[in-house]
Amino acid sequence: MGFYDCCLRCLGGVPYCSLVATLLCFSGIALFCGCGHQALTETERLIETYFARNLQDYITLAYVIQYFQYVIYGLASFFFLYCIVLLAEGFYTTSAAKHTFGEFRSTMCGRCLSSSFIVMTYVLAVLWLLVFAFSALPVYFFYNMDATCHTIDVLTETPASINQLCVDARQYGLLPWNAVPGKVCGMTLSNVCKTREYQMTYDLYIAAFAGAGITLLALLTYTVSTTYNFAVLRYLGRKGIGSRC
């Protein structure tokens with residue numbers, strides 16, 4: 001067998017769908033975890049600087065942020081390992097489907113393993129859909145804050161109206177109702193929106209939201225590819241080329 005034929009045979013065994021899904025998952029998780037971690041840190045700094053004067057007012061929020069940051073560490077590690085396992089499973093099932101490496105015998109354990117990956121990936125996709133929706137909440141908060149700041153900049157000629165435009169962190173559950181001041185109004189709010197910390201935090205949340213969407217797309221791609229490969233393995237088993245382990 002020549003070098004060209006050998007390359008074609010090897011390329012024929014590459015699970016391209018699983019490979020694309022793995023690249024999407026890696027990039028999505030990197031965006032979500034990296035940007036989300038830093039965005040939470042910057043959010044705590046903004047709340048501490050502009051929305052609360054007493055440590056006890058935002059101590060609960062600080063603990064929640066710290067908890068979510070630890071969760072992010074776990075998510076990054078889990079998805080890195082899980083994507084590697086799914087990619088390896090994709091190589092296995094694609095080789096089975098195309099008979100890339102000569103005679104192949106599909107085992108019952110292999111088919112059971114593939115079905116387990118389908119169920120687990122489907123469950124992860126449903127759970128990650130909730131994460132994707134949850135990651136939209138801080139983007140919504142900062143979008144409203146940015147829209148309010150834009151309105152203040154337009155109404156600079158009417159100071160009385162400007163002072164009535166506020167962003168209240170207590171309404172979003174970030175602070176307790178007895179927090180002081182709990183809200184920022186008027187030109188103070190406009191100045192907050194012009195700070196580097198605010199702009200960076202807003203951009204980080206948008207990037208984290210995009211990363212969550214990319215990860216969801218990767219999980220859906222994994223679900224489709226693993227389901228197809230499992231169907232092929234079952235077909236091969238029914239043709240009589242399967243064996244028990």
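**Helices, a pocket and a cavity in a predicted model**

Over residues 70-92 the chain is entirely helical, at 100% helix and 0% strand, and the C-alpha atoms at the two ends of this stretch are 34 Å apart. The structure described here is a predicted model, and this stretch is a convenient place to begin. According to the unreviewed UniProt entry, residues 70-92 carry the annotation "transmembrane region", as do residues 113-137 and 204-224. For residues 204-224 the model again gives 100% helix and 0% strand, with 30 Å between the end C-alpha atoms.

Stepping back to the whole chain, the model contains 7 helices and 4 strands. Followed along the sequence, these elements come in the order α-α-α-β-α-α-β-β-α-α-β. The chain has 245 residues, and 39% of them are buried. Its accessible surface amounts to about 13600 Å², and carbon and sulfur atoms account for 67% of that area. Contacts were also sorted by separation in sequence: of those between residues at least 6 apart, 81% link residues at least 24 apart.

A look at individual residues helps to make the picture concrete. Tyr73 sits in helix H3, and its relative accessible area is 44%, so Tyr73 counts as partly exposed. Although Tyr73 and His37 are 36 residues apart along the chain, their C-alpha atoms are separated by 8.9 Å.

Attention can now turn to the open spaces of the model. The largest pocket holds about 780 Å³ of space. Its lining is made up of 29 residues, and those closest to the pocket centre are Leu40, Phe68, Phe134, Pro138 and Tyr205. At least two lining residues come from each of H2, helix H3 (55-98), H4 and helix H7 (196-241). H3, the helix that also holds Tyr73, gives the most to this lining, with 10 residues. Sorted by class, the pocket lining consists of 23 nonpolar, 5 polar and 1 charged residues.

Enclosed space is described separately. A search of the whole structure turned up 1 cavity of 30 Å³ or more, and the space in the largest cavity is about 70 Å³. Thr43, Leu46, Ile47, Phe51, Phe141, Phe142, Met145, Leu174 and Tyr198 form its lining. Two elements, helix H2 (16-51) and helix H4 (108-154), give two or more residues each to this lining. H2 gives the most, with 4 residues. In terms of class, the cavity lining has 8 nonpolar residues, 1 polar residue and no charged residues. H2 and H4 thus appear in the lining of the largest cavity and also in that of the largest pocket.

One last detail concerns the backbone. Most peptide bonds are trans. In this model, Val180 and Pro181 are joined by a cis peptide bond, with omega at about -5 degrees. Pro181 is placed outside the helices and strands, in the loop that runs between strand E2 (166-168) and strand E3 (183-185).

How values were computed:
Residues are numbered from 1 along each chain as its sequence is written. This is a predicted model: local features need pLDDT of at least 70, side-chain atom pairs count only at pLDDT 80 or more; totals for chains, interfaces and linings use all residues. Side-chain values use heavy atoms; hydrogens and water are left out. UniProt positions are given in the numbering used here, feature names are shortened, and annotations may be inferred rather than shown by experiment. On a 1 Å grid over the protein atoms alone, a cavity is a set of points where a 1.4 Å probe fits but cannot get out, and a pocket is an open set with protein on both sides within 12 Å along at least five of seven lines; lining residues have an atom within 4 Å of a point. Grid points are joined across faces, edges and corners, and a volume is the space filled by probe spheres set on the points. Ala, Val, Leu, Ile, Met, Phe, Trp, Tyr, Cys and Pro count as nonpolar, Asp, Glu, Lys and Arg as charged, and the others, Gly among them, as polar. Buried means under 20% relative accessible area, exposed over 50%, partly exposed in between (1.4 Å probe, protein chains only). Contact means heavy atoms within 4.5 Å. Accessible areas come from the Shrake-Rupley method with a 1.4 Å probe; for residues, only the protein chains shown count as cover.
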